[in-house]
Amino acid sequence: MEQIVILDFGSQYTQVIARRVRECNVYSTLVRFDTPASEIAAMNPKGLILSGGPSSVYAKEAPLPDKAIFKLGIPVLGICYGVQLLAHYLGGKVERGDKREYGKGTLAVADPQCALFKGLSRELQVWNSHGDKLTRLPKDFVVVGTTENSDYAAIEDSRRRFFGIQFHPEVVHTPRGREIIANFVHGVCGCGRDWTMRNYVEQATEEIRARVGKDRVILGLSGGVDSSVAAALIHRAIGDQLTCIFVNNGLLRAREADVVREVFGRNFKIRLQYEDATPLFLRKLKGVSDPERKRKVIGKAFVDVFQAATKRAGKARFLAQGTLYPDVIESVPIAGNPAALIKSHHNVGGLPKNMKFELLEPLRALFKDEVRQLGVELGLPKEIVQRQPFPGPGLAVRCLGPVSGPKLEILRKADAIVVEEMKGADLYYKTWQAFAVLLPVRSVGVQGDERTYEYTAALRVVDSQDGMTADWVHVPYALLEKISTRITNEVRGINRVVLDITSKPPGTIEWE
Ligand code: XMP
């Protein structure tokens, strides 16, 4: 398959570059900045992209590539720090800029013939973020674009097909950036458009069949996007050789277990081993109110239940997991690279090392948005493909204080109303998360002629790109009113509804 290789110099946007290339239907792979040129050559890429990065090429610890990459005879696009590398290695000069160029700028295209700017206007809005700048062109390069602050904002050596751009084409603040990337991968590198989820289904199906042979596979199905798509894909490849284990931990939202059984059991006719472990989980959680403790208890109980379930499922050689590309990429440990600091701080699904399976991870090459497309391609319903993130420990983190069956039931009803009303207003799939939280706070109310003394529900609706930061959503008043009225009328046990108007930071999305 044709591919573009991206060398990661530690920019927070490196993964975004990889996604943009794939949005052009061209496969892309991220590799460390110091990957030997011979290894890169063995991948047979149609072109290279050098990412940005927080360093200066002159810094003592600057991440530097194998300079033989410039001898591979394939096109190179240097972005931001990548341009400085071009200059550094190919006879140009980089100096500390007196002004740091940061934020919006305008690129004046100096050479409309330049392949990168084909079909674009002569003035482009671009996003800058760099301190150093070029002060002398590398050998054989010409200027193809300038900004207010830089005479060498875009440069080209058309013979070797090397390009450098000081701005970031991959971010949304460079509105025509996608076209610049498309011009590079199609126009310059000559890539076709063979990376599609339709093709991926075929390719992955073949690969799974070849690897699994006549053996059996077990998959822990959570109902989330990744495990669901993995299940559908593997089932397509090997049918009944796949057994999915679905553990109901008693902490699921309303109808969640039903949807999984309906979709996978009845529609897909997947072998589904349904394990209702509700009593066990509730027993273990009894009286536990510390959030970290809750997580640990749930994590451990899950492992025990799952392990016992795999024994009942019979002998299998493989354990399938919905691991995604961002989990696989080794982040470049460079000071100032925020991506290096971001760790997925939770994942309770981790299984003990002593389980003797080979791993089957058919989504390892995919980004989340590709997994969703793949799900659509495989015929999974929107309810699953567009599902909002849901924490592994489930409603236990949304039921504050000690968890109990009756409290979970109250929370489930309130949450179902939130979901239903958000869907009705066509807002549910447009928000990152929308849910109810049950607070261990009771207050006095009045219903009919009666005084009540019941719990409080908090409404949490947030927008986010990746869960790391979030804004609270300005839900229309009429909708808030409807949700509040319905919850207090329909859910026995709640007599007050409050709205959480905290962003993240300083708040978190979940209350815990
Ligand atoms: P917080 O509450 O830390 O959550 O702002 C950030 C995002 O992570 C989700 N979340 C989890 N996801 N397992 C998961 O897979 C977990 O244990 C877990 N806890 C929180 C949360 O819903 C939000 O989207």
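Leaving aside neighbours within four places in sequence, with which residues is Leu282 in contact? In this predicted model, Leu282 is in contact with Val403, Gly405 and Leu408 once those sequence neighbours are set aside. Leu282 itself is placed in helix H8, which covers residues 278–285. Gly405 and Leu408 can be located in turn, as helix H14 spans residues 405–424. A further relation concerns Leu233: the C-alpha atoms of Leu282 and Leu233 are 33 Å apart in space, while 49 residues separate the two in sequence.

The confidence of the prediction was considered next. The protein has a mean pLDDT of 94, and a pLDDT of 70 or more is reached by 95% of its residues. In the stretch of residues 338–349, by contrast, the pLDDT is below 50. This stretch has 12 contacts in the model beyond near neighbours in sequence.

The protein is divided into three parts by the domain assignment: domain 1 comprises residues 3–188, domain 2 residues 197–385, and domain 3 residues 404–499. Between the C-alpha centres of domain 1 and domain 3 there is a distance of 48 Å.

Several helix pairs were then examined. Two packed helices are described by the angle between their axes and by the distance between the axes. Helix H5 (residues 197–212) packs against H6 at an angle of about 65°, and the two axes are 8 Å apart. The crossing of H5 with H6 is right-handed. On the H5 side, the contact involves Tyr200, Val201, Glu202, Ala204, Thr205, Ile208, Arg209 and Val212, which meet Leu233, Ile234, Arg236, Ala237 and Ile238 of H6. Classified by type, the residues of this contact between H5 and H6 are nine nonpolar, one polar and three charged.

Helix H6 (residues 225–238) also packs with helix H12 (residues 368–377), here at an angle of about 45° and with the axes 10 Å apart. That angle makes H6 oblique to H12. The handedness of the crossing between H6 and H12 is left-handed. The residues that meet are Val225, Asp226, Val229 and Leu233 from H6, and Lys368, Val371, Arg372, Leu374 and Gly375 from H12. Five nonpolar, one polar and three charged residues make up the contact of H6 with H12. Leu233 of H6 thus appears in the contact with H12 and also in the contact with H5.

A further pair is formed by helix H14 (residues 405–424) and helix H15 (residues 477–490), whose axes come within 10 Å and cross at roughly 150°. H14 and H15 are therefore roughly antiparallel to each other. Their crossing is right-handed. From H14, the contact is made by Ala414, Ile417, Val418, Glu420, Glu421 and Met422; from H15, by Leu479, Lys482, Ile483, Arg486, Ile487 and Glu490. The contact of H14 with H15 holds seven nonpolar and five charged residues, with no polar residue.

Particular features of the backbone were also identified. Asp140, although not a glycine, has a positive phi of about 70°. Asp140 is found in the loop that lies between strand E6 (123–136) and strand E7 (142–147). Two cis peptide bonds involve Pro505. The bond from Lys504 to Pro505 is cis, with omega near -15°, and the bond from Pro505 to Pro506 is cis, with omega near 10°. Pro505 is placed in the segment after strand E18 (494–499), and Pro506 likewise is found in the segment after E18.

Key. Residues numbered from 1 in each chain as written. Predicted model: local features only at pLDDT ≥ 70, side-chain atom pairs only at ≥ 80, totals over all residues. Heavy atoms only, no water. Axes fitted to C-alpha atoms, helices over the stretch in contact; angles between N-to-C directions. Helix = DSSP H or I, 4+ residues; strand = E, 2+ residues; numbered from the N terminus. Parallel < 35°, antiparallel > 145°, perpendicular 65-115°, else oblique. Left-handed = near helix turned anticlockwise from the far one by under 90°. Contact = heavy atoms within 4.5 Å. Nonpolar A, V, L, I, M, F, W, Y, C, P; charged D, E, K, R; others polar. pLDDT = per-residue confidence, 0-100. Domains from an automatic or database assignment.
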